[in-house]
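The following paragraphs walk through a predicted model. They take the core, then the sheet, then the contact of the chains.

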Amino acid sequence: MAKTNVSFDQAIEQLEEIVRLLEQGDVPLEDAISLYQKGMGLSTICHDKLQHAEKQLISIMDDNGEKVPFQSTDKEDTTK
Amino acid sequence: MTTTSYLTVKALTKYIKRKFDADPHLRNVYVKGELSNVKIHSSGHIYFTLKDEQTKITAVMFAAQAKNLKFRPESGMNVLLQGDVNVYEGSGQYQLYAQLLQPDGIGELFIAFEQLKEKLKNEGLFQASRKKDIPKYPQKIGVITASTGAAVRDIVTTLSRRYPLAEVIIFPALVQGSAAAPSIVKALNQMNSYPNVDVCILGRGGGSIEDLWAFNEEIVARAIAHSEIPIISAVGHETDTTIADFVSDLRAPTPTAAAELAVPNQIELMERITNRKSQIISTVSAILSQERKRLTRVISAYPIAYPERLYRPFVEKITRITEQLEKSGNILLQQKQQNLSQLSMRLALQNPEKTVRQSKKNMHAFEERLHVAAKKNIQTKGRSFSNIIQLLEALNPLKIMDRGYSLTYQNDQVIKSIEEVDPMELLHIKLQDGDVIASIKSINKQSKGES
């Protein structure tokens, strides 16, 4: 299985590239199989990353320029 | 005497019109005043008078421009007008030709807006070539807006729903009031110095044009233009357009829309990944079955299906050659053997022993013959000898002389006939016991038959 430290961005780009290569048609069998394995690995990575994305990390910069967790409020106040 | 030349009215009017045409200030004027005598023609053209306390000017807005008006002009309304001044030749009157018409509630702001827009446009800040691409799959999203309120809530909710993979960092800013513009600029700078922000949403919820004004300020526009991070603007509602919208890399009508533009939808992504996966599977399956077919075709090909047929001719050939070799070997051997025995025989025939034996035999024969011949010869010779001896004894002249015979010589020559005798010479007569020398007295020739 491919390494899992790739970003989603890289993984999906590679996946698209593999599909493109395969659909060009003139891929030798060995290459097709290794592309297949790689593509399956990448699709699993992408899938897992989406499926198991934990609760989104949302933070806000406070007055001191520190990053603190953000709590959304429903109160309408556009001045601050 | 000079004659005064009179112009026609038309010529004069044309002359005046040219003056208006030539004046650059009259080509684009911004005028404010009160509407009066407004007439909206069925064709869509609007005819009115613009006036203030001191004076008035007739004006027209043609249908092409009037159709863009968001309000209906009414007499008594204070308006801001942009247009040009020119002469209508038909009536010989100068009048305002209006391009834009705005209610004068925000008159100065509107002018400021238009002026700044024009300035920044001329600087090229709105050009499409300046716009940065919005990344497809951002990992860090900056949000510049008020920390509370509908805008931030809409943005955060939408981002969470669509793409929880990305981290969201809110850089809070005042979005209303006189301190808003510097606050937004500060947040933009802060966001730009924060590491690895991929895209930024800058915006606020809806409000009056005064409420949104910070987004029309030059410092904000320039801060957006200088941002290294792509900025999606989302100010107010869809109908509100600010300078920030022109200068940002992408304009979203609302904060929610901005969040939708910033990230892909995870459901769509999931579908896309699934699609890609099935594309890969079907492509590879197709390749596999194609290769399998090819393999089958190759395997069933004649030479591979019947491999022994490939080498059978060679086996046959080798067998034939081996046979030939054996056969010709035997023949050669036989020939050689035959040769050998022939030669041996010939050699045996040539054995010298036989010759020796033959020669010996010959020699014995010759010896025998030699003996016989010699013996015979000797006998013959012996006999001959005794014969000769007898003959010799018989022929001895001395013996004959014994019997009374003599030999007569003259000059040492035996005289056999009287013809040979010289009568003058002495005769030597040899007798048995000595010689007589006699002289000749007469010679008588003997007649035949007389002895």
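The largest nonpolar core has 72 residues, and the members that touch the most others are Ile144(B), Ile184(B), Ile201(B) and Val220(B). Helix α6 of chain B, residues 180-193, gives this core its largest share, seven residues. One of the residues named above, Val220(B), can be followed further: beyond its neighbours within four places in sequence, Val220(B) is in contact with Ala181(B), Ile184(B), Val185(B), Ala214(B), Phe215(B) and Ala244(B). There is also a second, separate core of twelve residues, with Ala59(B), Leu81(B), Leu96(B) and Ala98(B) among them.

Turn next to the sheet. It is open and consists of seven strands, ordered β2(A)-β1(A)-β7(B)-β6(B)-β8(B)-β9(B)-β10(B), with mixed pairing. Each of the edge strands, β2 (67-69) of chain A and β10 (250-251) of chain B, has a single partner strand, so one side of each is left without a neighbour in the sheet. Within chain B, strand β6 (residues 140-145) and strand β7 (residues 167-172) pair in the parallel sense over six bridges. Opposite Lys140(B) stands Glu167(B) in β7(B).

Strand β7(B) also pairs with β1(A), in the parallel sense and over three bridges. Here Ser59(A) has Ile169(B) as its bridge partner in β7(B).

The contact between the chains involves 41 residues from chain A and 38 residues from chain B. On the side of chain A that touches chain B, the elements giving two or more residues are α1 (8-24), α2 (29-51) and β1 (58-61) of chain A. The largest share of that side, eleven residues, comes from α2(A). By type, the residues of this side of chain A are 20 nonpolar, ten polar and eleven charged.

Conventions:
Residues numbered from 1 in each chain as written. Chains lettered and ligands numbered in written order. Predicted model: local features only at pLDDT ≥ 70, side-chain atom pairs only at ≥ 80, totals over all residues. Core = buried A, V, L, I, M, F, W, Y, C linked by C-beta atoms within 7 Å. Buried ≥ 20, exposed ≤ 12 C-beta atoms within 10 Å, placed from the backbone. Helix = DSSP H or I, 4+ residues; strand = E, 2+ residues; numbered from the N terminus. Contact = placed C-beta atoms within 7 Å. Pairing = 2+ DSSP bridges. Nonpolar A, V, L, I, M, F, W, Y, C, P; charged D, E, K, R; others polar.
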